[in-house]
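Open the model in your viewer and keep the selection box handy. We'll hop from place to place, and at each stop there is something to pick and something to look at.

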Amino acid sequence: MSDPLDLKRVDHVRMFVGNARQSAYFYRNAFGFQVAAYAGLETGLRHEAAYVLRQGKITIVLASPLSGDHPEANRLIRHGDGVQTIALEVGDVPAAYEAAISRGAVSAAPPTSVEDDNGVYVSAQIRAYGDTTHTFVDRSRYRGVFAPGYRPLDADRYSPRTFHDVGLRAIDHIVANVEEGQMGAWVEYYGKVMGFSTLVSFDDKDISTEYSALMSKVVADGRGRIKFPINEPAKGKRRSQIEEFLSFYDGPGVQHIALATGDIVKSVRAMAANDVSFLKVPGSYYELLPERVGAIDEDITELAELGILVDRDDEGYLLQIFTKPVADRPTLFFEIIQRRGARSFGKGNFKALFESIEREQSRRGTL
Ligand code: FE2
């Protein structure tokens, strides 16, 4: 398995949002993230405000422009809140960047070293689908809270409140929606540029309902630490959820981020109590469940109460649930996933889920 860029893991996901301060409050109180660091006017940053959220090994950065002159300001009008960059930790940023460019990547920013009292932070950026980028990060010589310009957040900035321990641990996978006919090109791109291989693919026979259909392939690094499913719409009777995304996001982008937990019942119970809205499937789903997935450790009544889905593959099973879109546009959402051996992505749930999404689309008048 080739590993031309020496990729280690997803370092963080940076989201560009309309109001980072308020989004941080949402992700803290609803998803259970710690708001760990801040950058903005008070730390010498003139053009944006940014908050670093942490939970387990997950780092999400929320950034907002402070004026219309911000180079990314237009992104908000065009896309709404969304993922700007998926940052990948590498051993050597200039080497990873040069290798990526020589293998066909398009540069978004050349390698830069930024130094402060806490050491040296090195990063570079290449373009990915749509306006999304990948940032290569080397923080091996940086001891600060996140990056130069960020400082640990004063815990009193938000009034202290005991929120539920949600228990999210890591980023499991990050899914892209691209235009019809483009999935193959992006699978090829990740293969060529990053040395990723295709794990699994689904076509519209696997994933179709009366109305919507999609095709999906999953690319992953050799160690299986970085997994990027890529979806494209397939022809259905009416507008698919992928087309709805592409229309409201105005182009390709990140559809969902899957966050892994060690105890999905606990995580979802806490998030639901924090008022996170999840997609629900009909009760009949749970009547058919024992026959479909066989014996599982969890209590099916409890799964049904919370709306948690189950799927099985050759290696084990997985439990998963999807939030409704987290902002106003029907674009980005989150998945909560617990793997019990299974390394797949819940193919057996697609039909039930898509029918659930279509009920939502119908309510939005976009089906
Ligand atoms: Fe997923």
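Start by selecting D250, which sits in the loop between helix 5 (241–249) and strand 14; helices (H or I, at least four residues) and strands (E, at least two) are DSSP runs, numbered from the N terminus. Before you click further, note that this is a predicted model, where local features need pLDDT of at least 70, side-chain atom pairs count only at pLDDT 80 or more, and totals for chains, interfaces and linings use all residues. Numbering runs from 1 along each chain as its sequence is written, and side-chain values use heavy atoms, with hydrogens and water left out.

Back at D250, check the backbone: phi is positive, about 60 degrees, although the residue is not a glycine. Most residues other than glycine have a negative phi. D250 counts as partly exposed, at 38% relative accessibility (buried means under 20% relative accessible area, exposed over 50%, partly exposed in between, with a 1.4 Å probe and protein chains only).

Now add R78 to the selection. D250 and R78 form a salt bridge, with the closest N and O atoms 2.9 Å apart; the term means a side-chain nitrogen of Lys or Arg within 4 Å of a carboxyl oxygen of Asp or Glu. Add R127 and D131 too, and you have a salt-bridge network that links R78, R127, D131 and D250.

**Zoom out to the domains**

Colour 7–152 as domain 1 and 168–364 as domain 2; these bounds come from an automatic or database domain assignment. Their centres, taken over C-alpha atoms, are 25 Å apart. How many residues of each domain are in contact with the other? There are 41 from domain 1 and 38 from domain 2, where contact means heavy atoms within 4.5 Å.

Together the two domains bury about 3200 Å², 65% of it on carbon and sulfur atoms. Buried area here is the accessible area (1.4 Å probe) that two parts lose on being put together, summed over both. Show F31, R103 and Y129 as sticks: they supply 22% of the area that domain 1 buries against domain 2, more than any other three residues.

The count of salt bridges between the domains is 1, while 15 residue pairs are in polar contact across the interface, both residues at pLDDT 80 or more. A polar contact is a pair of N or O atoms within 3.5 Å; within protein, one must be able to donate a hydrogen and the other to accept it, and residues adjacent in sequence count only if both atoms are side-chain atoms. Several elements give two or more residues to the side of domain 1 that touches domain 2, among them strand 1 (7–16), helix 1 (20–31) and helix 2 (73–79). Strand 1 gives the most, with 6 residues.

**The iron ion**

Next, centre on the iron. Which residues coordinate the iron ion? They are H173 (NE2), H256 (NE2) and E335 (OE), at 2.0 to 2.2 Å. Donors are N, O and S atoms within 2.8 Å of the metal (3.2 Å for Na, K and Ca), and water is not among the atoms, so sites may look incomplete. In sequence the donors are spaced H-x82-H-x78-E. The two histidines link distant parts of the chain, with H173 in strand 10 (residues 168–177) and H256 in strand 14 (residues 253–261), 83 residues apart.

Stay on H256, which is buried with a relative accessible area of 7%. Its side chain makes polar contacts with the side chain of Q255 at 2.8 Å and with that of E335 at 3.0 Å.

**Helix 6 and the loop after it**

Select residues 264–273, helix 6, where I264, V265, S267, V268, A270 and M271 are buried. Those buried residues pack against several elements, including helix 1, strand 10 and strand 14. Just after helix 6, D275 has a positive phi of about 80 degrees. D275 is exposed, with a relative accessible area of 64%.

**Last stop: R340**

Pick R340 with D297 and E298. R340 meets D297 in a salt bridge (3.7 Å, N to O), and E298 forms another with R340, the closest N and O atoms being 2.5 Å apart. Is E298 buried or exposed? E298 counts as buried at 13% relative accessibility, whereas D297 is exposed at 64%.
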